[in-house]
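Student: I would like to learn how to read the contacts, strands and domains of a two-chain model. Could you take me through this one?

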Amino acid sequence: MIRQTLTPRPDWQAQVEALGLIWHAGDERPYWDESACYRFTRAQIDTIESATTELYRLFLAAGEAVVSDPALLARFAIPPAFHDPIREAWEAEPPSLNFGRFDLGYDGSGAPKLFEFNCDTPTSLLEAAVVQWAWKDACFPALDQFNSLHEALVARWAEIAPHLPSTLHIAHVEDVAGEDAVTAAYVRDTAEAAGITTVPILMERIGWHHEAHCFVDDADMRIEAMFKLYPWEWLVQEEFAVPLLYNLERGDLIWIEPIWKMIWSNKAILPILWDLFPGHPNLLPASYTIPDGDAVAKPLLSREGANVSIRKSGSILAETPGHYGEEGYIYQSLYRLPEAAPGCFPVLGSWVVDGAAVGMGIREDGLITSNTARFVPHVIDG
Amino acid sequence: MRINLKWTTAMAAALLASGCNRAKADDNWTADQDTAICTDAQGKRLPDDRCRQTRVGGGGAFWYFLGRGRAIPFYGERATGGSFRPAGGTRYFTAPSGSAMTRSAAISRGGFGASASRFGSVHA
C-alpha cells in the first residue's frame, strides 16, 4: 500500500463531470483528488476482501443477537414502536440491494480494522463505482482495480427484480452540491440497467393518502417499492412516522433498504460485535462506557464523521462539529491511521453487495474522516 | 466495463446548467404574466366566477393581483406575494385554466424530508 504522487489530468474536472461527479471541488483541495493514488499488491487486496467477507459474517451474527434480545435493541435509541417492524423485516428478508461500505483502518500489513458499517445511505458510490474506474482506464490502463461495484449493483437489482412491482421509486432530498440528486440518479441507472422501471421523487413530495392508507408520488400514484437515499433514523422521527408505522404493519411497500438496516448502520452495533467476538482481528475494542485507554467517541447516529472526538489520556485531542449525540455515544479503541503523506490519513471504504466484497474507495482526511475528506483513487500492481 | 449513465449525466448536466442554485420544489403554478386571481378576504383562492358574479367585495370575493413569476395557489390555499390593489398601468390576465383546481384533500405531503434541513447531510 503505497501512496504515489501524480500530476492530475489537465482536463480532470471536465472528465469527472462528464460522468456525473459535479461535487468534485473542496474548500482547500479538490474532493476528487487525482494528484495522488494508492497502489496495492494483489495480496493486500485479498486481505481486504477477506476481511470484508468476514465482517459481513460478524454483522449477520450481531444482527441476529440484537433482534433476539430486547435489551440489546433498546441500546440503539430507536423509537420502541419500530422495534417490531425491525424484527419482522429481519426475519422476512424483504427484497433489498443489501449494499454497504465498511470503513476500515489499514496500513498495508496486518489485519484491516472496522471503524463502522455505512449500509443505509452509503455515498461516495458514483466515485467508487464509476469515476475511479474511468480514471484508471485513462491513467493506468494496464493495471487493475478492486472494483466490480457497478456490475454487482446491476446484478443485485436483476436478482430482486422479479420480487418488485412494475415501478420502483427512487427518492432523495435536494442538496446544494447536487451529490444526493446525482447519486440517486446513478442508482436509477443501475436499476434500469437491470430492466426495472424507475420514477424519481423528492422526499418532501411523498404524500400520505388518508383514505387509501398508502404513500403516493407526485402524480398521486401509490408507491409500491422505493429506494430512499434518506436515513431510517430520520424517517422514524418525522411527521409521517405514524403513517410509516401503519405502512410497515401493512407491509405493502418495499423499502430499499429495509428498516432492519437501522441495526447495522447504528454504531451501537460496535460494542455488541466486540462482546460477541472479543479479540477478533478485524474489530477494535468498543464499549458503551468511557474506557481507560485512548479511544474515539462516536454518536450512535452521526453521519460524515460529525461529533466524533479522539480522547487520549482523559483529554480530547481532536473533535469534529455537528448536531448529533443526543442519542448517546459508543467508545471505540483508537486505531493509529497511517500518515501516507503529511496530514493525509487514508480510510478504506470496502463495498459489499449482499455479502460479497465488490470494490473499494479511499478517502483521505486528517485524524477524523469527515465531510472534508478527499476521494483518492487506487490501482492494483501486478 | 460498459456503463449506461443516462440519468446520472442528465441530472449532473441539469444541475450544472442551473448553477446548483435550485429553488425548493414547488408544485404550484407560476404566473408567466401579471395575473389576477379571485380570493376571499384572507387571500385564499376562489374560482374566478365568484368575483365575476358579484360586485367588488360582495360575497366575500376579491380580485388579488399577482406579478409575473409569483405562485398561483390551488383553490383554498393562500396567495402570497401580490396585492388586493392592482399596480397602476398594469394589464392583468386571468390564471391558466389548468391552475383552477383543488389539491386532493385526501393527501398530505411534506411529512418526510425535514431532517435534511436540520442535519444537513444524508451521507454516511
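**Reading chains, strands and domains**

Student: Which strand of chain A is joined to E7(B), and how many bridges are there?

Tutor: Two strands pair if DSSP finds at least two bridges between them, and the strands and helices themselves are DSSP runs numbered from the N terminus, with at least two residues for a strand (E) and at least four for a helix (H or I). Here strand E7 of chain A, residues 207–209, is joined to E7(B) by 3 bridges, and the two run antiparallel. Within this pairing, Gly207(A) stands opposite Arg109(B).

Student: What should I keep in mind about the numbering and the model?

Tutor: Residues are numbered from 1 along each chain as its sequence is written, while chains are lettered from A and ligands numbered from 1 in the order in which they are written. This is a predicted model, in which local features need pLDDT of at least 70 and side-chain atom pairs count only at pLDDT 80 or more, whereas totals for chains, interfaces and linings use all residues.

Student: How many residues does each chain bring to the contact?

Tutor: Residues are in contact if their C-beta atoms, placed from the backbone, lie within 7 Å. Chain A brings 53 residues and chain B brings 33. On the side of chain B that touches chain A, the elements giving two or more residues are helix H1 (6–17), strand E7 (107–109) and helix H3 (114–119) of chain B, and H1(B) supplies the largest share, 8 residues. That side has 18 nonpolar, 11 polar and 4 charged residues, where Ala, Val, Leu, Ile, Met, Phe, Trp, Tyr, Cys and Pro count as nonpolar, Asp, Glu, Lys and Arg as charged, and the others, Gly among them, as polar.

Student: In what order do the elements of chain B run?

Tutor: Chain B has 3 helices and 7 strands, and from the N terminus on they run α-β-β-β-α-β-β-β-β-α.

Student: Which strands of the open sheet in chain A stand at the edges, and why is one side of each left without a neighbour?

Tutor: The sheet has 5 strands in the order E11-E15-E12-E13-E14 (chain A), with antiparallel pairing. Strands E11 (286–287) and E14 (315–319) of chain A stand at the edges, and because each has a single partner strand, one side of each has no neighbour in the sheet. E14(A) is joined by 4 bridges to strand E13 (residues 309–312) of chain A, and there Lys312(A) stands opposite Ser315(A).

Student: Where do the domains of chain A lie?

Tutor: Domain bounds come from an automatic or database domain assignment, which for chain A gives domain 1 (2–266 + 337–380) and domain 2 (269–333). Their centres, taken over C-alpha atoms, are separated by 22 Å, and 25 residues of domain 1 are in contact with 22 residues of domain 2. On the domain 1 side, H2(A) gives the largest share, 8 residues.

Student: How do I describe two packed helices, and at what angle do H2(A) and H11(A) pack?

Tutor: Two packed helices are described by the angle between their axes and the distance between the axes. The axes are lines fitted to C-alpha atoms over the stretch in contact, and angles run from 0 to 180 degrees between N-to-C directions. H2(A) and helix H11 (residues 269–276) of chain A pack at about 105°, with their axes 10 Å apart; they are therefore roughly perpendicular, a term for angles of 65 to 115 degrees. Among the residues that meet are Leu58(A) and Ala61(A) in H2(A) and Ile269(A) and Ile272(A) in H11(A), and the contact has 9 nonpolar, no polar and no charged residues.

Methods:
Contact = placed C-beta atoms within 7 Å. Parallel < 35°, antiparallel > 145°, perpendicular 65-115°, else oblique.
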